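Hi,

Here is the structure I said I would pass on. Have a look at it first, and then read on for my notes.

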Amino acid sequence: MSPRLHLLTSPLLVGLLAGQNPLAGFRQSVTQLPPTASCVLHTQAGVVWFDGSDLVLAITPQHRRSLLHLPNPSFGSFTITAGPNQLLFGENSTGTVWLVPLQGPRPAQPLTTIAWNYDAVLLDSQHALVSARTGGFGAAVNELLSLDLTTGAAQLVAQVPGASGPVEIGPGGDLFYATAALTYPPPAGAANVVRFGRSAVDQAIAGGPALGIQDATITAGGFDAASDLTFDDDGDLYLVDWFNNRIGAIAEAEQSSAALPTWPLDYAGSWTGPTTLQFVPGSGSGHFEPFQPTNGRLIVHETDWFSVSQTRALEARRPELSGPAPAPLAAGSHALKLADGPAGGVAVFALDLAPIGTTTLLNLPGFAQPLWWNSSLMVSPMLVVEPLSPLGRAAIFVTNPGFVTPVPALAQVVTFSTDGVIGSSGEVAMTLQ
């Protein structure tokens with residue numbers, strides 16, 4: 001049985017969670033999968049999952065094809081992108097690791113056998129790093145192995161005490177690993193996210209001595225368990241705490257100031273729980289932070305290991321400002337309405353008689369999130385402060401005194417949450433007459 005599957009189907013966990021708390025400042029969408037789907041990966045070609053016999057590519061919900069068929073039912077371990085147009089897939093019934101093309105006539109090829117493979121991450125264009133407890137359940141250590149994607153040769157990079165843990169590569173190239181206890185239930189606070197410097201990893205791959213836990217530094221510690229790791233687009237590290245059925249975030253994990261995880265997504269009281277994470281970068285310049293412009297998605301695979309398997313995509317959601325129709329406004333009172341702001345927070349409406357300018361990215365002291373703000377409202381706008389309702393809404397009325405010649409006007413809102421999160425709406429351009 002897969003170590004990941006073994007942990008998540010423990011009788012003490014069955015029946016815990018079926019719904020999760022919505023995240024303020026994010027929008028969510030759910031994609032249903034077959035109940036047996038695991039090892040889920042979103043690719044540009046479609047969604048990939050393993051159903052116990054086939055690694056399936058769903059190009060659309062109706063158009064599916066098998067990328068790999070196994071003759072005997074197997075427990076999947078991981079599916080990762082392994083360069084352009086190919087995947088690396090591991091299963092731990094036989095320990096086979098496969099190189100699987102997404103397209104083209106070339107069939108999937110068994111690359112090597114790594115007993116009890118658990119997780120993997122692409123290290124560079126030629127190598128993946130595989131986390132595996134090759135000695136089986138009786139082994140006191142877990143191994144991190146460099147796998148050559150051409151030859152299938154595997155080389156020991158590190159040995160870490162404990163059961164198998166997940167691996168991830170940080171934005172700067174360092175290797176991150178979450179330790180795991182040998183016993184169940186895991187001792188409270190026994191798990192750590194540790195970091196191996198990339199130069200030390202490269203030296204081990206080049207033939208140097210294998211690394212040990214003494215060669216790693218602790219990024220964050222004191223939590224109970226972790227089954228998967230992923231970085232977002234601004235250096236925050238997300239982890240699945242399978243024991244408590246929640247998702248944690250370590251802000252700026254590559255910085256020396258990295259702290260204990262916060263827990264933004266909790267499945268307490270639900271029949272389903274999270275298993276794996278994937279961050280899909282966007283093509284814009286926004287950050288995966290609450291109340292920010294949408295850019296990038298955190299994808300969570302959720303399951304009850306019986307009848308439900310689905311992915312939940314989380315995207316940043318900016319507060320939405322709406323105003324009058326864009327036609328020239330007659331003299332009189334007109335409403336500006338804000339929705340999707342932080343519940344119970346504060347909205348500051350900024351207005352000025354100015355044409356729309358360019359969007360400027362501001363980093364304000366004391367706030368983790370940047371502020372996206374229009375340059376035309378930087379000097380001396382009129383400010384109106386309004387409390388936000390429990391639904392994150394507010395409205396003001398502005399009076400147009402009337403103008404002989406049409407005059408451009410601009411409005412935008414900055415929001416502040418009760419827990420110190422900043423955000424802004426898009427701009428509303430108006431013409432007063």
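Let me begin with a spot in a loop. Asp-340 counts as partly exposed, because its relative accessibility is 25%. You'll find Asp-340 in the loop between strand 26 (332–339) and strand 27 (346–352). Its phi is positive, about 65 degrees, although Asp-340 is not a glycine. Before you go further, please keep in mind that this is a predicted model.

Asn-85 is another residue to look at for its backbone. It is not a glycine, yet it has a positive phi of about 65 degrees. Asn-85 sits in the loop between strand 6 (76–81) and strand 7 (86–91), and with 39% relative accessibility it counts as partly exposed.

While you are looking at loops, go to the one between strand 15 and strand 16, where Pro-185 has its place. The peptide bond leading from Tyr-184 to Pro-185 is cis, with omega near -5 degrees.

Next, the nonpolar cores. In soluble globular proteins, nonpolar side chains tend to be buried together. Here the largest nonpolar core has 18 residues. Among the residues with the most contacts inside it are Leu-129, Leu-144, Val-157 and Phe-196. Which elements give two or more residues to this core? They are strand 13 (154–161), strand 14 (167–169), strand 15 (175–178), strand 16 (191–196) and helix 2 (198–205). Apart from this core lies another one, of 17 residues, including Leu-338, Phe-349, Ala-411 and Val-413.

If you want one residue to click on in the 18-residue core, try Val-157. Leaving out residues up to four places away in sequence, Val-157 touches Leu-129, Leu-144, Leu-145, Ser-146, Val-201, Ala-204, Ile-205, Ala-210 and Leu-211.

Now for the charges. How many salt bridges does the structure hold? There are five, and I'll walk you through some of them.

Arg-195 and Asp-174 meet through their side chains in a salt bridge, at 2.7 Å from N to O. This pair links distant parts of the chain: Arg-195 is in strand 16, while Asp-174 is in the loop between strand 14 and strand 15, 21 residues apart. Asp-174 has a relative accessibility of 13%, so it counts as buried.

Another salt bridge brings together the side chains of Asp-202 and Arg-198, at 3.1 Å from N to O. These two are four residues apart in helix 2, which means that about one helical turn separates them. Are the partners buried or partly exposed? Asp-202 is partly exposed, with a relative accessible area of 36%, whereas Arg-198 counts as buried at 19%.

Then there is the salt bridge between the side chains of Asp-241 and Arg-246, at 3.2 Å from N to O. Asp-241 is buried, with a relative accessible area of 0%.

That brings us to strand 19 (residues 237–241), where five of the five residues are buried. Both of its faces are covered: Leu-237, Leu-239 and Asp-241 are buried on one side, and Tyr-238 and Val-240 on the other. Strand 19 also has partners to follow. Strand 18 (residues 228–231) runs antiparallel to strand 19, and four bridges join them. Strand 20 (residues 246–250) is joined to strand 19 by five bridges, and this pair is antiparallel too. To see how they line up, use Leu-239: it stands opposite Leu-229 and opposite Gly-248 in strand 20.

Check the hairpin turns here as well. Five residues lie between strand 18 and strand 19, and in this hairpin Gly-235 takes a positive phi near 90 degrees. The hairpin of strand 19 and strand 20 has four residues between the strands, and there Asn-245 takes a positive phi near 55 degrees.

One last residue, which I'd put to you as a puzzle. Asp-54 lies in strand 4 (residues 54–58). What is the nearest side chain of opposite charge to this buried residue? It is Arg-65, 11 Å away, and Asp-54 has no salt bridge. What Asp-54 does have is a polar contact from its side chain to the side chain of His-69, at 3.0 Å. Leaving aside neighbours within four places in sequence, Asp-54 is in contact with Trp-49, Ser-66, Leu-68 and His-69.

Have fun with it, and write back with any questions.

Cheers

Conventions
Residues are numbered from 1 along each chain as its sequence is written. This is a predicted model: local features need pLDDT of at least 70, side-chain atom pairs count only at pLDDT 80 or more; totals for chains, interfaces and linings use all residues. Side-chain values use heavy atoms; hydrogens and water are left out. Buried means under 20% relative accessible area, exposed over 50%, partly exposed in between (1.4 Å probe, protein chains only). Lys and Arg count as positive and Asp and Glu as negative; His and the chain ends are not counted. A salt bridge is a side-chain nitrogen of Lys or Arg within 4 Å of a carboxyl oxygen of Asp or Glu. A polar contact is a pair of N or O atoms within 3.5 Å; within protein, one must be able to donate a hydrogen and the other to accept it, and residues adjacent in sequence count only if both atoms are side-chain atoms. Contact means heavy atoms within 4.5 Å. A nonpolar core is a set of buried Ala, Val, Leu, Ile, Met, Phe, Trp, Tyr and Cys residues joined through side-chain atoms within 4.5 Å. Two strands pair if DSSP finds at least two bridges between them.
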